[in-house]
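This briefing is for a reader who has not met the structure before. Please look over the sequence and the model first.

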Amino acid sequence: MKEECQRISPKAHLATAQRFLSDAYLFIRFPVLNFSIMLPLLGAITVSPALDHTQILGLIGVAVNVHCFAYVMNDIIDLQVDRSEPLRQEYPLVRGAIQPAYAFAFSLVQIPVAFLFTASLGGAAASFSILFGVFICAAVYNLRGKRGLYPPLFDAVLGLACSAFVLYGALMMHRTPTALTGALSALVFVLAVMINGVHGAVRDLGNDFAMGARTTAVFLGSSPVDGGGVKISRSLLIYAFLLQAAIITICLIALIYNLFEYGALAWLITMSTAVIYAMLSLWLLWLSFQSAHDKWNMIMFGMLHLVLSLGFLLAFFAFHMTWGVLLALLTAYLVPVLTMWARYGLKWDLARS
């Protein structure tokens with residue numbers, strides 16, 4: 001019997017470790033950590049293409065802090081809604097594996113840690129002010145995002161938080177933000193609104209609708225249908241394609257005016273990539289809406305659309321950074337995507353905030 005227990009014990013320890021890693025993965029929303037990390041790093045390279053290891057690691061640290069604050073607090077506030085969402089049944093807060101009070105303490109501690117990282121990097125007063133604004137906007141969205149009378153307004157508040165985080169990255173380099181910083185901030189704003197107000201809202205539409213939550217998809221007239229699908233309203237369809245058109249337009253303007261100051265070859269490659277992205281993004285967005293009757297196909301095409309969009313952000317700036325920064329950003333982008341696909345296959349886990 002003793003030998004049998006000894007043989008079983010390592011398996012039990014392995015199972016415990018696997019459960020812990022799985023809970024941590026879901027608790028901090030690891031699949032969308034890439035977007036959070038990209039914001040300050042890309043903001044920084046708009047004014048300083050070469051970052052040293054201390055700057056890269058410091059900005060990643062602040063990004064993780066902001067990310068954990070925003071997503072963990074969101075899950076606490078939306079816990080009652082999430083408990084009836086089938087896609088969230090594995091989440092540790094929903095299962096009761098983590099108590100809301102401990103999760104709340106975890107989210108709050110991210111604020112002073114982020115300020116300590118900022119101080120260690122020599123952040124100026126403006127950097128602290130902008131970072132404080134990022135936390136405030138994230139908190140406002142979490143508190144009112146599914147409860148406000150006009151949901152697109154709160155999507156915009158979340159977009160503002162993301163844009164401000166780009167500006168924070170630029171200010172941390174102790175240089176004046178440029179027109180490229182402004183273009184990236186605008187691009188990130190629209191992309192954040194798209195992620196949250198369109199893809200995320202459509203993904204959770206059935207449960208949100210049943211629970212009386214007010215999201216942009218519900219506000220614009222979309223509704224669930226029998227079989228788990230979604231009826232996409234014309235208003236939401238137009239809204240989504242206008243957002244995508246805005247993303248494409250901002251990219252093209254930045255390239256037409258060559259805000260990157262690229263040489264001829266780099267400019268040509270980036271412009272070609274932008275044109276390919278424009279066509280693929282519109283196609284995937286259309287496929288997602290065309291598949292609305294089949295929830296998993298809709299989610300899959302939505303996921304591919306967002307993975308493509310985040311990947312294009314890197315391609316857009318690829319010639320505007322050193323190899324070290326590019327490697328850090330590629331790692332930050334790919335690891336969450338690859339772990340997501342290893343865990344779920346083509347089931348979408350780009351969960352909205």
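The notes below go from the overall fold to the core, the salt bridges and a surface patch.

The model is predicted. The protein has 353 residues and a radius of gyration of 21 Å, which agrees with the value near 20 Å for a compact globule. It contains 15 helices and two strands.

**Overall shape and surface**

- Taken along the principal axes, the box filled by the C-alpha atoms is roughly 70 × 50 × 40 Å.
- Of the 353 residues, 53% are buried.
- Counting contacts between residues at least 6 apart in sequence, 76% join residues at least 24 apart.
- About 15500 Å² of the protein is exposed, and carbon and sulfur atoms supply 71% of this area.

**The nonpolar core**

- The largest nonpolar core is made of 103 residues.
- Phe35, Leu42, Leu51, Leu59, Phe165, Phe316 and Phe317 have the most contacts inside this core.
- Helix 9 gives the most to the core, with 14 residues.
- Leu51 can serve as an example: beyond its neighbours within four places in sequence, Leu51 is in contact with Leu41, Ala44, Ile45, Ile56, Leu59, Met173 and Val325.

**Salt bridges**

- Side chains of opposite charge can pair when their charged atoms come close.
- The structure has 10 salt bridges.
- One of them joins Arg29 and Asp75, whose closest N and O atoms are 2.5 Å apart.
- Arg29 sits in the loop between helix 1 (2–27) and helix 2 (33–45), while Asp75 belongs to helix 3 (residues 53–77), so this pair ties together parts that are 46 residues apart in sequence.
- Both ends of this pair are buried: Arg29 has a relative accessible area of 2%, and Asp75 has 4% relative accessibility.
- Arg88 forms a salt bridge with Asp82, with 3.1 Å between the closest N and O atoms.
- Arg88 also meets Asp204 in a salt bridge, at 3.6 Å from N to O.
- Asp204 is in the loop between helix 9 (179–203) and helix 10 (205–210), and Arg88 is in the loop between helix 4 (79–82) and helix 5 (92–95), so their salt bridge ties together parts that are 116 residues apart in sequence.
- Arg88 counts as buried at 3% relative accessibility; Asp82 is buried with a relative accessible area of 6%, and Asp204 is buried with 3%.
- Arg29, Asp75, Asp82, Arg88, Arg203 and Asp204 are linked in a network of salt bridges.

**A nonpolar patch on the surface**

- Val275, Ile276, Met279, Leu280 and Trp283 make a nonpolar surface patch of about 490 Å².
- Trp283, one of the residues in this patch, lies in helix 13 (residues 264–290).
- Is Trp283 buried or partly exposed? The relative accessible area of Trp283 is 49%, so Trp283 counts as partly exposed, since the term exposed is kept for values over 50%.

Note on methods. Residues numbered from 1 in each chain as written. Predicted model: local features only at pLDDT ≥ 70, side-chain atom pairs only at ≥ 80, totals over all residues. Heavy atoms only, no water. Patch = residues over 30% accessible without salt bridge, like charges linked within 9 Å, V, L, I, M, F, W, Y side chains within 5 Å. Areas by Shrake-Rupley, 256 points an atom, 1.4 Å probe, with all protein chains shown as cover. Salt bridge = Lys/Arg side-chain N within 4 Å of Asp/Glu carboxyl O. Helix = DSSP H or I, 4+ residues; strand = E, 2+ residues; numbered from the N terminus. Buried < 20%, exposed > 50% of the residue type's maximum accessible area, 1.4 Å probe, protein only. Rg over C-alpha atoms; globule rule 2.2 N^0.38 Å. Contact = heavy atoms within 4.5 Å. Core = buried A, V, L, I, M, F, W, Y, C linked by side-chain atoms within 4.5 Å.
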